[in-house]
Structure formats: structure tokens, C-alpha cells
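User: Please examine the side-chain contacts in the structure shown below. I shall put several questions about them in turn.

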Amino acid sequence: MGSKYTKRYTEEFKRDAIALVDSSGKRVTAVARELGISSESLRGWYRKAKTDRGEGESAELTSAEREELKRLRKENREQQQTIEILKKATAFFVKENDR
């Protein structure tokens, strides 16, 4: 379950914090301490930003790729449901036609 603090920081704040890590040359934990935020939160934002810039691990998906994957999975699920409905309709009409 998500915490009630999940949406605590704005995108602008996150971008500024990431830029501070990049420009200051300080470690993520030091910048997080200065900003008064969790180092794990900042580390996650930083890792995601690096991936989106193409600097992350090769196996990691960018935000755009993750969104596309989500969209394609939803589309696939809807198409599977349509196929099942069509199979049932076909079976129904074949049965009715045999009478």
C-alpha cells in the first residue's frame, strides 16, 4: 500500500534536487541531508532521471518505454477479452444454425 506521503514532492522540486546532485559533485546522501529529504527518495529520482537520459543501466526502461509497455499491456488485455467474446458468439451462432 502507498504511503500518504507518496506525492509529497513536486516534479519541479525533484528536478531541482537532481540538478543539485549533478552540479554540486556531492554524493546523493549529502544533498538529501542538505534538503532534508530521504536519501533513498533522492537516489530513486536520480536513478530514474539518469535512465531517462539514457545514462542508466541498459536493462532499465525509460519512463516513456514504461508508459508504452503499460499501454500495450492494456491494449493486449482488451484484445484478449474481445477474442474471448467473439469465440463465445461464434459458438452460439454455430449452435443456433445447427437447429
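User: Is Glu-84 buried, exposed or partly exposed?

Analyst: This is a predicted model, in which local features need pLDDT of at least 70, side-chain atom pairs count only at pLDDT 80 or more, and totals for chains, interfaces and linings use all residues. Residues are numbered from 1 along each chain as its sequence is written, and side-chain values use heavy atoms, with hydrogens and water left out. Buried means under 20% relative accessible area, exposed over 50%, and partly exposed in between (1.4 Å probe, protein chains only). Glu-84 has a relative accessibility of 38%, so Glu-84 is partly exposed.

User: Which residue forms a salt bridge with Glu-84?

Analyst: A salt bridge requires a side-chain nitrogen of Lys or Arg within 4 Å of a carboxyl oxygen of Asp or Glu. The closest N and O atoms of this pair are 3.8 Å apart. The two residues are three apart in helix α4, so about one helical turn separates them; helices (H or I, at least four residues) and strands (E, at least two) are DSSP runs, numbered from the N terminus. The partner of Glu-84 is Lys-87.

User: How many residues apart are Asp-22 and Arg-53, whose side chains meet in a salt bridge?

Analyst: The N to O distance in this salt bridge is 3.2 Å. Asp-22 lies in helix α1, whereas Arg-53 lies in the loop between α3 and α4 (63-98). The bridge therefore links distant parts of the chain, and the separation is 31 residues.

User: Why is the pair of Tyr-9 and Trp-45 classed as it is?

Analyst: Rings of Phe, Tyr and Trp (its six-membered ring) pair if their centres lie within 6.5 Å; planes under 30 degrees apart count as stacked, over 60 as edge-to-face and the rest as tilted. The ring centres of Tyr-9 and Trp-45 are 5.3 Å apart. Their planes stand at 75°, so the class is edge-to-face.

User: Which residues do ring pairs link into a cluster?

Analyst: Tyr-9, in the segment before α1 (11-24), pairs with Trp-45 in helix α3 (residues 39-52), and both residues are buried. Phe-13 also forms an edge-to-face pair with Trp-45, at 6.3 Å centre to centre and 90° between the planes. That second pair joins helix α1 to helix α3 across 32 residues. The cluster thus comprises Tyr-9, Phe-13 and Trp-45.
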